[in-house]
Amino acid sequence: QLACPLDLGCHSVAQKFSADGNFFATAAYDKTVCIYGVSEGEEPKLLKTLTFPTAVESIEFTPESDTLIIAPRECAFLQYLDLRTMTIEQICLNANDDHHVSFSAMDIKCSPSGKFCPCAQIAAGSLCTVWAHLNSSATCMA
């Protein structure tokens, strides 16, 4: 069965389903992230639209499907959206917790345990850094 296509507006650069299938999220170059509730047999329902100061390059659901991680371009923080409360916690990407932006997180993935979040970056040189997941300090594994 085919569902009706969503009106994604501007160019959508990332689309993800949560592991439990209850959420679908999109990120677009118009600086928005849209979160939809998904129920079998029904069209997705828009739950929340977030707008960021810069384009969002990557989104990732945690394995528990309770958090959406958002990576805006030119930002020193990953944005952790709690899907139960729709509130955001910012996690600094810099090991010393400063707000200096020297790279952009272009692709993020959660480990199956949800403990680590590798992040591909664009900077002067190409590197991959792994951060401990939520409420932990950044750990460089480059």
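Begin by selecting Ile59, which, once its neighbours within four places in sequence are left aside, is in contact with Ala14, Gln15, Lys16, Ala25, Thr26, Ala27, Val33, Leu68, Ile69, Ile70 and Ile108. Keep in mind throughout the tour that this is a predicted model.

**The cores around the starting point**

With Ile59 still highlighted, add Val33, Ile35, Leu68 and Ile70, because these residues together with Ile59 are the ones that touch the most other members of the largest nonpolar core, a group of 15 residues in which every member counts as buried. The elements that give two or more residues to this core are strand S2 (23-28), strand S3 (32-37), S5 and S6. Apart from this core lies another, of 11 residues, and among them are Ile91, Ala105, Cys110 and Cys117. In soluble globular proteins, nonpolar side chains tend to be buried together.

**The whole chain**

Zoom out now and colour by secondary structure: what does the chain contain in helices and strands? The count comes to zero helices and 11 strands, and reading along the sequence gives the pattern β-β-β-β-β-β-β-β-β-β-β. Of the 142 residues in the chain, 43% are buried. If a surface is switched on, the chain exposes about 7,900 Å², with carbon and sulfur atoms supplying 54% of that area. Among the contacts in the chain with a separation of 6 or more, 32% are between residues 24 or more positions apart.

**The hairpin of S5 and S6**

Select residues 56-61, which make up strand S5, a mostly covered strand with six of its six residues buried. Adding residues 67-72 brings in strand S6, which pairs with S5 in the antiparallel sense over five bridges. Along this pairing, Ile59 stands opposite Ile70 in S6, while Glu60 stands opposite Ile69 in S6. The two strands form a hairpin with five residues between them, and in the turn Ser65 has a positive phi of about 65°.

**The sheet that continues from the hairpin**

Extend the selection to the open sheet of four strands, whose order is S5-S6-S7-S8 and whose pairing is antiparallel. S5 and strand S8 (87-92) stand at the edges, each with a single partner strand, so one side of each is left without a neighbour in the sheet. From one strand to the next, the twist averages 25°.

Two loops of this region deserve a stop. Glu74 is found in the loop between S6 and strand S7 (77-82), and has a positive phi of about 55° although it is not a glycine. Is Glu74 buried or exposed? Its relative accessible area is 53%, and because exposed means over 50%, Glu74 counts as exposed. Moving on, Met86 is found in the loop between S7 and S8, and its phi, near 60°, is likewise a positive value in a residue other than glycine.

**The other four-stranded sheet**

Turn next to the open sheet in the order S1-S2-S3-S4, where four strands are again paired in the antiparallel sense. Strand S1 (12-17) and strand S4 (45-51) are its edges, and each has a single partner strand, so one side of each is left without a neighbour in the sheet. Neighbouring strands of this sheet are turned by 15° against each other on average, direction ignored. Within it, S3 and S4 run antiparallel and are joined by six bridges, and Gly37 has Lys45 in S4 as its bridge partner.

Which residue of S3 is worth selecting by itself? Choose Thr32, which lies in strand S3 and is buried, with a relative accessible area of 13%. Its side chain makes a polar contact with the side chain of Asp30 (2.5 Å). Not counting residues up to four places away in sequence, Thr32 touches Thr26, Ala27, Thr49, Leu50 and Thr51.

**A last stop in S9**

Finish at Ala105, already met as one of the residues of the 11-residue core, whose place is in strand S9 (residues 104-108). With 1% relative accessibility, Ala105 counts as buried, because the cut-off for buried is under 20%. Leaving aside its neighbours within four places in sequence, Ala105 is in contact with Glu57, Ala71, Leu78, Leu93, Cys119 and Ala120. For a distance to display, take Ala105 and Leu93, 12 residues apart along the chain, whose C-alpha atoms are separated by 8.9 Å.

Definitions and conventions: Residues are numbered from 1 along each chain as its sequence is written. This is a predicted model: local features need pLDDT of at least 70, side-chain atom pairs count only at pLDDT 80 or more; totals for chains, interfaces and linings use all residues. Side-chain values use heavy atoms; hydrogens and water are left out. Buried means under 20% relative accessible area, exposed over 50%, partly exposed in between (1.4 Å probe, protein chains only). Two strands pair if DSSP finds at least two bridges between them. Contact means heavy atoms within 4.5 Å. Accessible areas come from the Shrake-Rupley method with a 1.4 Å probe; for residues, only the protein chains shown count as cover. A nonpolar core is a set of buried Ala, Val, Leu, Ile, Met, Phe, Trp, Tyr and Cys residues joined through side-chain atoms within 4.5 Å. Axes are lines fitted to C-alpha atoms, for helices over the stretch in contact, and angles run from 0 to 180 degrees between N-to-C directions. A polar contact is a pair of N or O atoms within 3.5 Å; within protein, one must be able to donate a hydrogen and the other to accept it, and residues adjacent in sequence count only if both atoms are side-chain atoms.
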